[in-house]
Amino acid sequence: MTSNHHQSVMFDESIKALDLIEDGIYIDATFGRGGHSQGILDRLGDNAQLIAFDQDISAINYAKETFDDPRLKLIHSPFAQMHTMIEDMGLTGKINGILMDLGVSSPQLDNAERGFSFNNEGPLDMRMNQTAGLSAAQWLAQAGEEEIANVIYQFGDEKKSRHIASRIKKFQLEQPLETTLQLANIVSEVVRGQKKKHPATRTFQAIRIFINEELKQLTETLEQSKQMLACNGRLSIISFHSIEDRIVKRFIQKNSRQKALPKGLPIFDQALEKMPFKDLGKQFASKDEVTHNKRSRSAILRVAAKN
Ligand SMILES: C[S@@+](CC[C@H](N)C(=O)[O-])C[C@H]1O[C@@H](n2cnc3c(N)ncnc32)[C@H](O)[C@@H]1O
């Protein structure tokens, strides 16, 4: 049976960070099962709008079946394409806040046939958008050993990346690599698990990030947010691993840090130094939340306001 349960992470903190305006226009870039979207709608007035994106059609279908709110507009698309749609709607520069709750949802992880889980046997797919691109199995079949090793190292910080890639290619000489447990077992022969961490955690994370172009999507969308957001518009972004968080941190720092101005510049030129964002800092999930929802352990919320 398909599970639709997803417990929203840092729910109060991430919505509070949007500093909602009653009749504002907001974007939930990662609808999932709509926990955050519902929280935002509950706090907005009748004339507000919430535009929600998800590249997973099962999230959008779930939303259509369970949400009946004229203020909510659902879009099945990777969020990196949102700026063109926002432009078509005439909303560039009018968005009061963008929420991004990155990564995968519990239904994606828990439904074995999606191929994200190293604990459940399923086809090695890992695509959030199953209508586009290569599955993990297809990519692993066509990629060379060095490319696989580089992906596992770069996106998973996995020191044994070369060894894992070599085992994958040896396995494929004997039989096709097609399932999650086949991959999990190959990795487990090479990597020792740590405490509560499965040996294949980093490898699965790396391949998932690569297959879904997660870092490229994030980088492009952050850049586009400069144009999309209205004055005082907020960015509220929850990430779940250090590679992702580094991208958000660097983007906010780069766009909010006031550079030292050369001495003696006239006031007119100093105005040109105005930065696009104000950095409003980072937060972690509370101890209480971590106790009740272990997914929140690694969550980092970063917040910025458009100047
Ligand atoms: C952590 S879940 C969001 C959960 C949601 N906040 C809730 O409370 O139910 C992340 C969701 O974002 C979607 N997603 C991730 N990257 C995406 C992207 N680049 N474009 C569109 N959707 C994306 C995933 O398909 C998944 O459904």
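**Exercise 1. Determine which backbone atom lies 2.7 Å from a polar atom of the Ser-14 side chain, and describe the setting of Ser-14.**

*Solution.* Step 1: the partner is the backbone oxygen of Met-10, at 2.7 Å from a polar atom of the Ser-14 side chain. A polar contact is a pair of N or O atoms within 3.5 Å; within protein, one must be able to donate a hydrogen and the other to accept it, and residues adjacent in sequence count only if both atoms are side-chain atoms.

Step 2: the side chain of Ser-14 also makes a polar contact of 3.2 Å with the side chain of His-36.

Step 3: Ser-14 belongs to helix H1, residues 11-16. Helices (H or I, at least four residues) are DSSP runs, numbered from the N terminus.

Step 4: Ser-14 counts as buried because its relative accessibility is 0%. Buried means under 20% relative accessible area, exposed over 50%, and partly exposed in between (1.4 Å probe, protein chains only).

The model is predicted: local features need pLDDT of at least 70 and side-chain atom pairs count only at pLDDT 80 or more, whereas totals for chains, interfaces and linings use all residues. Residues are numbered from 1 along each chain as its sequence is written, and side-chain values use heavy atoms, with hydrogens and water left out.

**Exercise 2. Describe the surroundings of the ligand.**

*Solution.* Step 1: of the 25 residues around the ligand, Ser-8, His-36, Asp-54, Phe-79 and Asp-101 come nearest. A residue is near a molecule if one of its heavy atoms lies within 4 Å of it.

Step 2: the shell comprises 7 nonpolar, 13 polar and 5 charged residues. Here Ala, Val, Leu, Ile, Met, Phe, Trp, Tyr, Cys and Pro count as nonpolar, Asp, Glu, Lys and Arg as charged, and the others, Gly among them, as polar.

Step 3: a ligand nitrogen lies 2.8 Å from a backbone N or O atom of Phe-79. A ligand oxygen is 3.2 Å from a polar backbone atom of Gly-34.

Step 4: the ligand alone exposes 610 Å², of which the protein buries 99%. Accessible areas come from the Shrake-Rupley method with a 1.4 Å probe; for residues, only the protein chains shown count as cover.

**Exercise 3. Locate Asp-157 and Glu-213, and classify their exposure.**

*Solution.* Step 1: Asp-157 lies in the loop between helix H7 (145-156) and helix H8 (161-174). Asp-157 is not a glycine, yet its phi is positive, about 50 degrees. Its relative accessibility is 43%, so Asp-157 counts as partly exposed.

Step 2: Glu-213 lies in the loop between helix H10 (201-211) and helix H11 (214-228). Phi of Glu-213 is positive, near 50 degrees. With a relative accessible area of 42%, Glu-213 is partly exposed.

Terms used
Helices (H or I, at least four residues) and strands (E, at least two) are DSSP runs, numbered from the N terminus.
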